[in-house]
Amino acid sequence: MGKREDNARQTRQKLLDTANRLIVKNGYEDVSVDSIVQESGIAKGTFYNYFQHKEDLIFELSKARFSQVIDEETFRNSKAVEVIQSYLVNFITVIYKSNVELTRQWVRYISTANTSNQQKWQLDVESLQRLLERLVTDQRLQSDTPVASLATVLLTQMYGVILAWCIAPNSVNPVQSTNDFCERQVPLMLDQFLID
């Protein structure tokens, strides 16, 4: 990577870090492109080289957090049920560590009528679907496993946990809720598709 590309990567990351900090502190609605560029010391025009809209930041922030939800060692050395359980717990843990206020902003963003906001849902479903497809390819799940349906059902549960936490953060622990779901429900859901 050349110096120019490295500088571009650092500038983009600085904008993301600044936006993240301001959103957690002030809430998404109270953060403007002007406040992000002023706080980061980057020209407003430069912001638009990296993001078309302020809303794109939420998507990019969430994508960055989920880049490595499960590691290769866990994937290689665990049974299919354990791999999926680990994926779901790690997925919800990333969100939990992000802070309930940022998560509320994210929920608000993805639940608006704008169809481009569906990218995050689609990204999450496709990511889990790829994991399930790898388990089928590795012959740890049967070839007739309905990976698309299964990914959708599992992610719907995770999004429900996220919403419940946003509504009642003092009484809902998303990591514990996900652990309970993984322990009680995931083995039952997968039982008919397991090979290992």
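**Figure 1. Lys 44 is partly exposed and takes part in a salt bridge with Asp 34.** Lys 44 has a relative accessible area of 39%, and Asp 34, also partly exposed, has one of 43%. (Buried means under 20% relative accessible area, exposed over 50% and partly exposed in between, with a 1.4 Å probe and protein chains only.) This is a predicted model, in which local features need pLDDT of at least 70 and side-chain atom pairs count only at pLDDT 80 or more, whereas totals for chains, interfaces and linings use all residues. Residues are numbered from 1 along each chain as its sequence is written, and side-chain values use heavy atoms, with hydrogens and water left out. The side chains of Lys 44 and Asp 34 meet at 2.9 Å, N to O. Lys 44 belongs to helix 3 (residues 44–50) and Asp 34 to helix 2, so the bridge ties together parts that are 10 residues apart in sequence. (A salt bridge is a side-chain nitrogen of Lys or Arg within 4 Å of a carboxyl oxygen of Asp or Glu; helices, H or I with at least four residues, and strands, E with at least two, are DSSP runs numbered from the N terminus.)

**Figure 2. Arg 21 and Glu 39 form a salt bridge between helices 1 and 2**. The closest N and O atoms of Glu 39 and Arg 21 are 3.5 Å apart. This pair links distant parts of the chain, with Glu 39 in helix 2 (residues 33–40) and Arg 21 in helix 1, 18 residues apart. Glu 39 is partly exposed at 47% relative accessible area, and Arg 21 is partly exposed at 44%. A search of the whole structure finds 5 salt bridges, one of them being this pair.

**Figure 3. Asp 6 and Arg 9 form a salt bridge within helix 1**. Their closest N and O atoms are 2.7 Å apart. Why are Arg 9 and Asp 6 separated by about one helical turn? The two residues are 3 apart in helix 1 (residues 3–26), which means a separation of about one turn. Both ends are partly exposed: Arg 9 has a relative accessible area of 43%, and Asp 6 one of 24%.

**Figure 4. Phe 47, Tyr 48 and Phe 51 are linked into a cluster by ring pairs**. A pair of aromatic rings is described by the distance of the centres and the angle of the planes. (Rings of Phe, Tyr and Trp, the last with its six-membered ring, pair if their centres lie within 6.5 Å; planes under 30 degrees apart count as stacked, over 60 as edge-to-face and the rest as tilted.) The whole structure holds 4 aromatic pairs. The ring centres of Phe 47 and Phe 51 are 5.5 Å apart and their planes stand at 45°, so this pair is tilted. Phe 47 is buried at 0% relative accessible area, and Phe 51 is buried at 2%.

**Figure 5. Tyr 96 and Trp 165 form a tilted ring pair**. Their ring centres are 5.4 Å apart, and the pair counts as tilted because the planes lie at 50°. The pair links distant parts of the chain: Tyr 96 is in helix 6 (residues 80–98), and Trp 165, 69 residues away, is in helix 9 (residues 147–167). Are the two residues buried or exposed? Tyr 96 is partly exposed, with a relative accessible area of 37%, whereas Trp 165 is buried at 4%.

**Figure 6. Helix 6 is mostly covered**. Of its 19 residues, 14 are buried. The end C-alpha atoms of helix 6 are 27 Å apart, in agreement with the 27 Å that its 19 residues should span at 1.5 Å a residue. (The expected span is 1.5 Å times one less than the number of residues.) Just after helix 6, Asn 99 takes a positive phi of about 105°.

**Figure 7. Val 186 is among the residues with the most contacts inside the largest nonpolar core**. This core has 56 residues, and the others with the most contacts inside it are Leu 88, Leu 128 and Leu 132. (A nonpolar core is a set of buried Ala, Val, Leu, Ile, Met, Phe, Trp, Tyr and Cys residues joined through side-chain atoms within 4.5 Å.) Helix 9 gives the largest share of the core, 11 residues. Apart from neighbours within four places in sequence, Val 186 is in contact (heavy atoms within 4.5 Å) with Val 81, Ile 84, Gln 85, Leu 88, Leu 154 and Phe 181. In soluble globular proteins, nonpolar side chains tend to be buried together.
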